[in-house]
Every structure is written in C-alpha cells, then in structure tokens.
Amino acid sequence: FRICIIDNDKIHTEKTKEMLNTILINKQIEYIIDEYYSINDIKKIIELNQFNYHCVLLDIQFNNQTSLPLADTINNKYPNCYIYLTSYLEYSRHISRTNYSYFIYKNDLQKELPLAIQKVINQMNHSSLIQIQVNGKIVLIDSQKIMYIESHLHKVRIICTDEIIEPYKKLDEMLTILQAYPNFIRCHTS
C-alpha cells in the first residue's frame with residue numbers, strides 16, 4: 001500500500017505518518033509512506049510518470065497557494081486516490097468538482113483518518129488490486145502489472161512488471177483468488 005503525504009507542515013506530516021503507521025500495522029498491511037513538502041516536487045514526479053500511489057493525503061493550503069490545481073492533475077491520471085487534509089474549512093466547497101475519497105479537517109485527524117484509510121482500502125478492493133498474504137502481511141498487487149504466475153518449490157512466483165512476489169501458496173489457491181479477474185488463464189500445470 002503506497003501512500004504519499006503532501007503537506008508543507010512537517011510537524012503535522014509526522015503526526016499523520018505516526019497515525020498511519022499504527023493504522024496499517026494493526027491491519028497487517030505492508031506499506032510505504034513517502035512525504036513531500038512542495039507541490040513542485042509532486043508535479044515533477046507526475047511529469048516523469050513516477051507517481052505510483054494508492055493513496056495521497058493532500059493538504060489544500062500551501063503557503064500562499066492552494067493545491068487544488070495539483071488535485072486536478074492527480075485526478076485526471078489517478079481518480080479517487082486521495083484524501084484532502086486541511087485546517088481551513090472554507091475549502092470544503094471548492095473540492096466538490098474533484099473525485100476524492102475523503103475530506104479531513106486536521107483537528108479531526110485522530111477520529112477521521114482510520115475511517116478514510118478504510119474507505120480507500122475498500123475502494124481498492126473493488127478495483128484491479130489483488131490482496132495476497134505474504135509472510136503474515138497483506139500485499140496489494142495491481143492485476144494489470146502481473147505478467148505471469150508460476151509454481152516454484154512450495155511457493156508461487158508472481159512475476160510483475162516491477163517486482164517478483166513469492167507467497168507460500170499453491171497454484172490452485174492462486175487460481176481461486178484470480179477467478180474474479182477475467183484476464184488470467186491457466187496455460188500449464190506449473
């Protein structure tokens with residue numbers, strides 16, 4: 001579960017990151033959290049096609065500007081992947097034109113962040129992401145990135161475009177998991 005926090009307030013970012021650590025450890029989800037303190041840094045990542053996050057926690061107010069144009073850019077490429085964070089409730093009326101997962105007033109972060117993360121996870125469960133348990137943790141795999149799956153010793157090897165994942169599963173167990181995804185066929189016994 002790849003999460004990106006975009007907020008120019010480093011203290012608040014650390015608080016958010018601590019809460020995310022607790023939430024995701026309790027859910028036994030493997031995760032990575034990246035932090036960005038500048039809108040321009042994220043724009044560069046998007047331009048280089050290196051923006052690869054399941055969830056973006058985006059502060060709306062950055063010094064003398066808003067992140068709403070950035071939200072539009074993210075929204076065009078990656079809809080429904082982000083949660084707005086703000087200390088300014090007046091922005092709530094400006095975000096209605098974007099596809100966001102959740103809006104959190106920073107004063108309510110303790111109560112709202114677990115709900116927001118659960119909502120994003122639920123949305124992902126209805127997308128092309130596959131949940132596989134690996135070494136006691138849940139790993140999320142984009143079904144579009146799977147090139148093939150093979151049996152190897154007492155594991156299966158899931159060969160993706162950007163990684164290899166090896167859960168202790170039989171190939172038949174993987175076939176059961178993949179039934180919901182019509183783009184997979186079994187072409188060989190191994």
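## Cavity lining and nonpolar cores

Biologist: Which strand gives the most to the lining of the largest cavity?

Modeller: With 3 residues, the one that gives the most is strand S9 (residues 137-142). This is a predicted model, with pLDDT of at least 70 needed for local features and 80 or more for side-chain atom pairs, while totals for chains, interfaces and linings use all residues. Residues are numbered from 1 along each chain as its sequence is written, and side-chain values use heavy atoms, leaving out hydrogens and water. Helices (H or I, at least four residues) and strands (E, at least two) are DSSP runs numbered from the N terminus, and the strand you want is S9.

Biologist: What volume does the largest cavity have?

Modeller: A cavity is a set of points on a 1 Å grid over the protein atoms alone where a 1.4 Å probe fits but cannot get out, and lining residues have an atom within 4 Å of a point. Points join across faces, edges and corners, and probe spheres set on them fill the volume. The count is 1 cavity of 30 Å³ or more, and the largest has about 70 Å³.

Biologist: Which element gives the most to the largest nonpolar core?

Modeller: Such a core joins buried (under 20% relative accessible area, 1.4 Å probe, protein chains only) Ala, Val, Leu, Ile, Met, Phe, Trp, Tyr and Cys residues through side-chain atoms within 4.5 Å. The largest has 22 residues, with Leu-113 and Ile-117 among those with the most contacts inside it. Elements giving two or more residues include helix H1 (10-26) and helix H4 (109-125). With 6 residues, the top contributor is H4.

Technical notes:
On a 1 Å grid over the protein atoms alone, a cavity is a set of points where a 1.4 Å probe fits but cannot get out, and a pocket is an open set with protein on both sides within 12 Å along at least five of seven lines; lining residues have an atom within 4 Å of a point. Buried means under 20% relative accessible area, exposed over 50%, partly exposed in between (1.4 Å probe, protein chains only).
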